[in-house]
Amino acid sequence: MHLVKKIEIIANSFELGKILDRLDKSGVHGHIVIRNVAGKGLRGTAEDLDMTMLDNVYVIAFCMPEQIKPAIENIRPLLNKFGGSCYISDVMEIRSTKCVASL
């Protein structure tokens, strides 16, 4: 097990390409995208996807601790301009050393 950083971004789907491009330019190459998300934020406002023209996406990415500063520097201006939320947390990654096929 080793410590990695988890990046969670909730933003408008229109900006997805830009978000993924900036993560990639930061050295964060792997990601998960969940489309059509809705919820209630810290500000207390809920968004109903049936009432919006553009859907939201939830992007999850993981990186080494030393990659987090460039990632934040690349993502923050985009979120400031177009909106969205970004959360960073410490998580533990477990890497498997045995091939399942060999069991």
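Which residue in strand 4 is the bridge partner of Lys5? The legends below address this and related views of the predicted model.

**Figure 1. Overall arrangement of the predicted chain.** Two helices and four strands make up the secondary structure, and the elements follow the order β-α-β-β-α-β from the N terminus. Of the 103 residues in the chain, 25% are buried. Among contacts between residues at least 6 apart in sequence, 78% link residues at least 24 apart. The exposed area of the chain is about 7,300 Å², of which carbon and sulfur atoms supply 55%.

**Figure 2. Pairing of strand 1 with strand 4.** Strand 1 spans residues 2-12 and strand 4 spans residues 85-93; nine bridges join them in the antiparallel sense. Within this pairing, Asp90 of strand 4 is the bridge partner of Lys5.

**Figure 3. Pairing of strand 1 with strand 3.** Strand 1 also runs antiparallel to strand 3, which covers residues 56-63, and eight bridges connect the two. In this view, Val57 of strand 3 is the bridge partner of Ala11.

**Figure 4. A nonpolar surface patch that includes Met92.** Met1, Leu3, Met92 and Ile94 together form a nonpolar patch of about 480 Å² on the surface. Met92 lies in strand 4, the strand that pairs with strand 1 in the antiparallel sense. The relative accessible area of Met92 is 47%, so this residue is classed as partly exposed. Residues of such a patch must have over 30% relative accessible area.

How values were computed. Residues are numbered from 1 along each chain as its sequence is written. This is a predicted model: local features need pLDDT of at least 70, side-chain atom pairs count only at pLDDT 80 or more; totals for chains, interfaces and linings use all residues. Side-chain values use heavy atoms; hydrogens and water are left out. Two strands pair if DSSP finds at least two bridges between them. Buried means under 20% relative accessible area, exposed over 50%, partly exposed in between (1.4 Å probe, protein chains only). Contact means heavy atoms within 4.5 Å. Accessible areas come from the Shrake-Rupley method with a 1.4 Å probe; for residues, only the protein chains shown count as cover. Patches are made of residues with over 30% relative accessible area and no salt bridge: like charges are joined within 9 Å, nonpolar side chains (Val, Leu, Ile, Met, Phe, Trp, Tyr) within 5 Å. A salt bridge is a side-chain nitrogen of Lys or Arg within 4 Å of a carboxyl oxygen of Asp or Glu.
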